Amino acid sequence: MNYRRLGNTGLKVSPLCLGTMTYGTPEWREWVLDEQASRPFLKKALDAGINFFDTADMYSEGESERVVGRALMDYADREEFVLATKVFMPIGKGANRGGLSRKHIMNAVDASLQRLGTDYIDLYQIHRWDYDTPIEETMEALHDVVKAGKARYIGASSMFAWQFCKAQHVAEINGWTRFVSMQPMYNLIYREEEREMLPLCRDQGIGVIPWSPLARGVLAGKAQGQGAKTTRGRSDENTRKWHLGSDIDQPVIAALEEIAEERGVPMAQVALAWVASNPVITAPIVGVSKEKQLDDAVASLDIELTVEEKQRLEAGYVPHEIAGHA
């Protein structure tokens, strides 16, 4: 495993990040694995050299953090892995149980630390942009979280490039901690982040850790909707809401199938290799609920696509509506 710096920081992370929304309790989503079923995947990831793990306080309403934290502490020394979590989405009822107010951030970070079973978070990320809270309030609160030793770095997730610029500018002029990473949706059939966000991150030395690099399984060849074989494929509302795998995506999917067949590898390996081939990408975030999915993710690191193959994969892309920011 060849580790790389997260953006301009000195933090070294694996070129794959294990996303852990799949781990927690099926009481939250029926496709989520419970703790006993989740732990082998976390152990296998560590054994494969993956040292980067991403969760969020809202996954299984906190249970994902508990499951992930207990497993990682059991299987590895704290300094051996990089632990990321997120804040913003509401957990429970109440006007102040979500968002990026100072009140919620301070409550949420302490709750995450308790659930994770650690005294610091390596990368504390805002899950989305909060239109109801001044960005000055949010950035100062995050700065105080870092200065209190509760987080080592801060990052952001899906938003517009102008919003990310504004947050960084507010932090810079006030001498507060700046974001070191961006977590956007990015894959072969959703490339809108290439217009502004990815060039911005390249220019500013921001680490990019894209979520849904397989477009929620579409690019792994999984059927979606009523014909899907998996529970998540049948029940995932976001796949339909964002029109992933719709008619306009079929030329890209067809090219992916052809190249995967020519190479004799699964579609998922080629799709992940394409994401990783973009030099601005630090580590795609992959979620796995089957052993083969993790094997494919690791195997994708050995695939180097040719210029001609990338051209074929990219040729059929058409503009999409912005998705994943809300």
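Strand 7 and strand 8 (residues 179-183) lie side by side and pair in the parallel sense, over 4 bridges. Within that pairing, A156 stands opposite M182 in strand 8. To get from strand 7 to strand 8, the chain passes through helix 5 (residues 161-174), and this β-α-β crossover is right-handed. Keep in mind as you explore that this is a predicted model.

**Strand 7 and its other neighbour**

- Strand 7 covers residues 151-157 and is mostly covered, with 5 of its 7 residues buried.
- Strand 6 (residues 121-126) also pairs with strand 7 in the parallel sense, this time over 5 bridges.
- A156 turns up here too, as the bridge partner of I126.
- L123 has its own bridge partner in strand 7, namely Y153.
- Strand 6, helix 4 (residues 135-147) and strand 7 together make a right-handed β-α-β unit.
- As general background, strands of a sheet pair through backbone hydrogen bonds, either parallel or antiparallel.

**Strands 4, 5 and 6**

- Is strand 6 mostly covered or mostly open? Strand 6 is mostly covered: 6 of its 6 residues are buried.
- Strand 5 and strand 6 run parallel and are joined by 4 bridges.
- In this pairing, V87 stands opposite I126 in strand 6.
- The route from strand 5 to strand 6 goes through helix 3 (residues 102-116), and this β-α-β crossover is right-handed.
- Strand 4 (residues 52-54) and strand 5 (residues 82-87) run parallel as well, joined by 3 bridges.
- Here F52 is the residue that stands opposite V82 in strand 5.

**The whole sheet**

- What is the order of the strands in the open sheet? Its 8 strands follow the order 9-8-7-6-5-4-3-10, with parallel pairing.
- The edges are formed by strand 9 (207-208) and strand 10 (285-287), each of which pairs on one side only.
- A handy general point for looking at any sheet: in a regular strand the side chains alternate between the two faces.

**A closer look at L123**

- L123 lies in strand 6, and L123 is buried, with a relative accessible area of 0%.
- Leaving aside neighbours within four places in sequence, L123 is in contact with a list of residues that includes L6, F52, L83, A84 and T85.
- The same list for L123 also includes Y153, I154, G155, V180, S181 and I209.
- Y59 is 64 residues from L123 along the chain, and the C-alpha atoms of the two are separated by 16 Å.

**A closer look at T20**

- Where does T20 lie? T20 sits in the loop between strand 3 (17-19) and helix 1 (35-47).
- T20 counts as buried, at 0% relative accessibility.
- Not counting residues up to four places away in sequence, T20 touches L42, D54, T55, Y59, S64 and V68.

**Cysteines**

- How many disulfides does the structure hold? The structure holds 0 disulfides.
- Why does C17 not form a bond? The closest cysteine sulfur, in C201, is 16 Å from the sulfur of C17, which is too far for a bond. A disulfide needs the two sulfur atoms within 2.5 Å.
- C17 is buried, with a relative accessible area of 0%.
- For C165, the closest cysteine sulfur is in C201 at 9.1 Å, and this is also too far for a bond.
- C165 is partly exposed, with a relative accessible area of 38%.

**The protein as a whole**

- The protein has 12 helices and 10 strands.
- Its radius of gyration is 19 Å, close to the 20 Å that the globule rule gives for 326 residues, so the protein is as compact as a globular protein of that length.
- Taken along the principal axes, the C-alpha atoms fill a box of roughly 55 × 45 × 40 Å.
- Of the 326 residues in the protein, 57% are buried.
- Among contacts with a separation of 6 or more, 77% come from residues 24 or more positions apart.
- The accessible surface comes to about 14,200 Å², and 48% of this surface belongs to carbon and sulfur atoms.

Technical notes: Residues numbered from 1 in each chain as written. Predicted model: local features only at pLDDT ≥ 70, side-chain atom pairs only at ≥ 80, totals over all residues. Heavy atoms only, no water. Buried < 20%, exposed > 50% of the residue type's maximum accessible area, 1.4 Å probe, protein only. Helix = DSSP H or I, 4+ residues; strand = E, 2+ residues; numbered from the N terminus. Pairing = 2+ DSSP bridges. Right-handed = clockwise from strand over helix to strand, strands pointing away. Rg over C-alpha atoms; globule rule 2.2 N^0.38 Å. Contact = heavy atoms within 4.5 Å. Areas by Shrake-Rupley, 256 points an atom, 1.4 Å probe, with all protein chains shown as cover.
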